Amino acid sequence: NHCIGKYNDILIQLYTYIPDPKNNPRTGYVIAQTAVPKRYGEIVIRQKGKFSLFSKIKGLTKLETEWGEFNEKYELFASDGELATSFELLNPKYMEQLEAVEFDVNIQVVDNIIYLYTSDISADYNIMLGLLKSAFKEMKM
């Protein structure tokens, strides 16, 4: 599945990515993606899991925020700490929206491309689109 369209004159994409459809058709990701005018380097915001303590992301530095509740639930990695702290989605209001969804949603930024993704391949595209729309509001786009 791959849906492409525009929201507020900005190109967005929603799609399901299954790396090995022959051998493992139930393992993959549902992704909402868009390009924004600002560049952020590379940022990963992911929910903590049982193996989080042992997993690092090559080339990125793990950061802590001043927001203790966030640090308990999420991990933040970035190529540039200053760009990560200026990332508009890294705020309590938006992160609460992510937590309210019935499946885990993570954020990855690569330069000016923002990906919202979940490993629940049955995730509803409408929910992912809603999260993307909320992201636009937070980023004032």
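Colleague: Is Asn-8 buried, partly exposed or exposed in this model, and how should I read that class?

Modeller: Bear in mind that this is a predicted model. The class follows from relative accessible area, where buried means under 20%, exposed means over 50%, and partly exposed covers what lies in between. Because its relative accessibility is 47%, Asn-8 counts as partly exposed. Asn-8 sits in the loop between E1 and E2, and its phi is positive, at about 55 degrees, although the residue is not a glycine.

Colleague: Which value does phi of Asp-111 take, and where does Asp-111 lie?

Modeller: Asp-111, again a residue other than glycine, has a positive phi near 65 degrees, and its place is the loop between E7 and E8. With a relative accessible area of 31%, Asp-111 is therefore partly exposed.

Colleague: How do I read the sheet, and what is the order of its strands?

Modeller: Strands of a sheet pair through backbone hydrogen bonds, in either a parallel or an antiparallel way. Here an open sheet of 8 strands, with antiparallel pairing, follows the order E1-E2-E3-E8-E7-E4-E6-E5. Its edges are strand E1 (2–7) and strand E5 (61–63), each of which pairs on one side only. Direction ignored, neighbouring strands of this sheet are turned by 20 degrees against each other on average.

Colleague: How many bridges join E4 to E7, and which residue stands opposite Glu-42?

Modeller: Strand E4 (residues 42–47) and strand E7 (residues 106–110) run antiparallel and are joined by 4 bridges; Glu-42 stands opposite Val-110 in E7.

Colleague: Which strands does helix H3 touch, and which strands does helix H4 lie across?

Modeller: Helix H3 (residues 92–100) packs on the sheet, where it touches E4, strand E6 (74–78), E7 and strand E8 (113–118), and its direction makes about 125 degrees with that of E6. Helix H4 (residues 125–138), for its part, lies across E1, strand E2 (10–17), strand E3 (29–35) and E8, and runs at about 145 degrees to E2.

Colleague: Staying with E2, is Gln-13 buried or exposed, and with which side chain does the side chain of Gln-13 make a polar contact?

Modeller: Gln-13 belongs to strand E2, and because its relative accessibility is 17%, against a limit of under 20%, Gln-13 counts as buried. Its side chain makes a polar contact with the side chain of His-2, at 2.7 Å. Leaving aside neighbours within four places in sequence, Gln-13 is in contact with His-2, Cys-3 and Ile-4, and also with Ile-31, Ala-32 and Gln-33.

Methods
Residues are numbered from 1 along each chain as its sequence is written. This is a predicted model: local features need pLDDT of at least 70, side-chain atom pairs count only at pLDDT 80 or more; totals for chains, interfaces and linings use all residues. Side-chain values use heavy atoms; hydrogens and water are left out. Two strands pair if DSSP finds at least two bridges between them. Helices (H or I, at least four residues) and strands (E, at least two) are DSSP runs, numbered from the N terminus. Axes are lines fitted to C-alpha atoms, for helices over the stretch in contact, and angles run from 0 to 180 degrees between N-to-C directions. Contact means heavy atoms within 4.5 Å. Buried means under 20% relative accessible area, exposed over 50%, partly exposed in between (1.4 Å probe, protein chains only). A polar contact is a pair of N or O atoms within 3.5 Å; within protein, one must be able to donate a hydrogen and the other to accept it, and residues adjacent in sequence count only if both atoms are side-chain atoms.
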